[in-house]
Amino acid sequence: MKKAFTLLELLVVVAIMGLLGAASVGGYRAMQRGMEERGAMQNANQFIRSAYQRSTIDRTLVAIHFWNETLQEESDTSRLVVVGKAVAVRRAGRITAKDGNNLIDEFGDLRFSRLTIDDDDGLDKDDVEKTGEMFLYPMNGTSDGDQRGVIYQNTRKKTITDTLVQSGEMVPFEVYEFVVASKNEYNWQVGDAYGFEFSEIQLPVGFVFGSGKCYSERITSPVAGKSMMRFDSGDILGQSQIAVSMLRPGKDGTLEAQPVGKTERPDKRLDS
């Protein structure tokens, strides 16, 4: 004669299944979090290593600017999210003269590396301001990390005169100048080195560069935690590592930057 399960036995089985399910969900979440952390670290390491290799190959100064930015999702009522961002900047030239607020590099190949608006285009020279904006980074020293210039994407051709050293004769020649936008943040001077960004990275939402109070949750002042690395012809100047943290709720419910790890030195061998 077959005997059925009692109610108590069924309840015990259901309870055991519930415990096993909870354990498996917790283990899966821990595994998922670990994969997210490893992915963020690998992306940051690869980005820094690529910038270092660019400096080594090109034999020039490359800087990485790190910061954390608070973003508003979709609408004003959506929650704020914080993400870590970075750009790699390569030195491109030096400012040799100024035309009002505009910047001239007499020795730069701006004619070939930038789109140029001049009389031959059949366009008004003011049309250069309608071509979109981009950033121009000062690259003189470690104090330049908090500011960057804003210029228009196209350059403008200009004729200036200079004096020949031997004869003293005034000779006209053409140069190509950067047109500085009204929202420019940096006070450019003759002799300033400048560079353009060539690569960028954004960490997954909730991952930031730095530790401690390295972020802001206010959209009115969204940028925080600025930092910088500099490589010159393969030499590391100053900081060589940066912390990566994950924002998680603390005991009081507010977000805390809990360290995930520090990036590797960019000159570390891949097989070491």
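**Side-chain contacts in the predicted model**

Isoleucine 16 lies in helix H1, a good place to begin a tour of this predicted model. With a relative accessible area of 46%, isoleucine 16 is partly exposed. Together with Leu8, Val12 and Leu20, Ile16 makes a nonpolar surface patch of about 400 Å².

Helix H1 also takes part in ring contacts. A pair of aromatic rings is described by the distance of the centres and the angle of the planes. Seven aromatic pairs are found in the structure. In one of them, tyrosine 52 meets phenylalanine 231 edge-to-face, with 5.5 Å from centre to centre and 90° between the planes. Because tyrosine 52 belongs to helix H1 (residues 7-58) and phenylalanine 231 to strand E11 (residues 223-232), this pair ties together parts that are 179 residues apart in sequence. Both tyrosine 52 and phenylalanine 231 are buried.

Phenylalanine 66 and phenylalanine 209 form another pair; their ring centres are 4.9 Å apart and their planes stand at 65°, so the arrangement is edge-to-face. Here the partners come from strand E1 (residues 61-72), which holds phenylalanine 66, and strand E10 (residues 207-209), which holds phenylalanine 209, so parts 143 residues apart in sequence are tied together. Phenylalanine 66 and phenylalanine 209 are buried as well. Elsewhere, ring pairs join Phe178, Tyr194 and Phe196 into a cluster.

Rings also meet charged side chains. Arginine 148 lies over the face of phenylalanine 135, 3.5 Å from the ring centre. Arginine 54 is placed over the face of phenylalanine 198, at 4.4 Å from the ring centre. Arg54 has a further role to note, as a member of a network of salt bridges with Asp58 and Arg90.

Side chains of opposite charge can pair when their charged atoms come close. Six salt bridges are found in the whole structure. One of them joins arginine 90 and aspartate 58, at 2.9 Å from N to O. This salt bridge links distant parts of the chain, with arginine 90 in strand E2 (residues 80-94) and aspartate 58 in helix H1, 32 residues apart. Arginine 90 is partly exposed at a relative accessible area of 27%, and aspartate 58 is partly exposed at 28%.

Glutamate 69 and lysine 85 form a salt bridge too, with 3.7 Å between the closest N and O atoms. Strand E1 supplies glutamate 69 and strand E2 supplies lysine 85, 16 residues apart. Both glutamate 69 and lysine 85 are buried. By contrast, the salt bridge of arginine 265 with aspartate 267, whose closest N and O atoms are 2.9 Å apart, involves partly exposed residues: arginine 265 has 36% relative accessibility and aspartate 267 has 34%.

Technical notes. Residues are numbered from 1 along each chain as its sequence is written. This is a predicted model: local features need pLDDT of at least 70, side-chain atom pairs count only at pLDDT 80 or more; totals for chains, interfaces and linings use all residues. Side-chain values use heavy atoms; hydrogens and water are left out. Rings of Phe, Tyr and Trp (its six-membered ring) pair if their centres lie within 6.5 Å; planes under 30 degrees apart count as stacked, over 60 as edge-to-face and the rest as tilted. Helices (H or I, at least four residues) and strands (E, at least two) are DSSP runs, numbered from the N terminus. Buried means under 20% relative accessible area, exposed over 50%, partly exposed in between (1.4 Å probe, protein chains only). A charge sits over a ring if NZ of Lys or CZ of Arg is within 6 Å of the ring centre and within 35 degrees of the ring normal. Patches are made of residues with over 30% relative accessible area and no salt bridge: like charges are joined within 9 Å, nonpolar side chains (Val, Leu, Ile, Met, Phe, Trp, Tyr) within 5 Å. Accessible areas come from the Shrake-Rupley method with a 1.4 Å probe; for residues, only the protein chains shown count as cover. A salt bridge is a side-chain nitrogen of Lys or Arg within 4 Å of a carboxyl oxygen of Asp or Glu.
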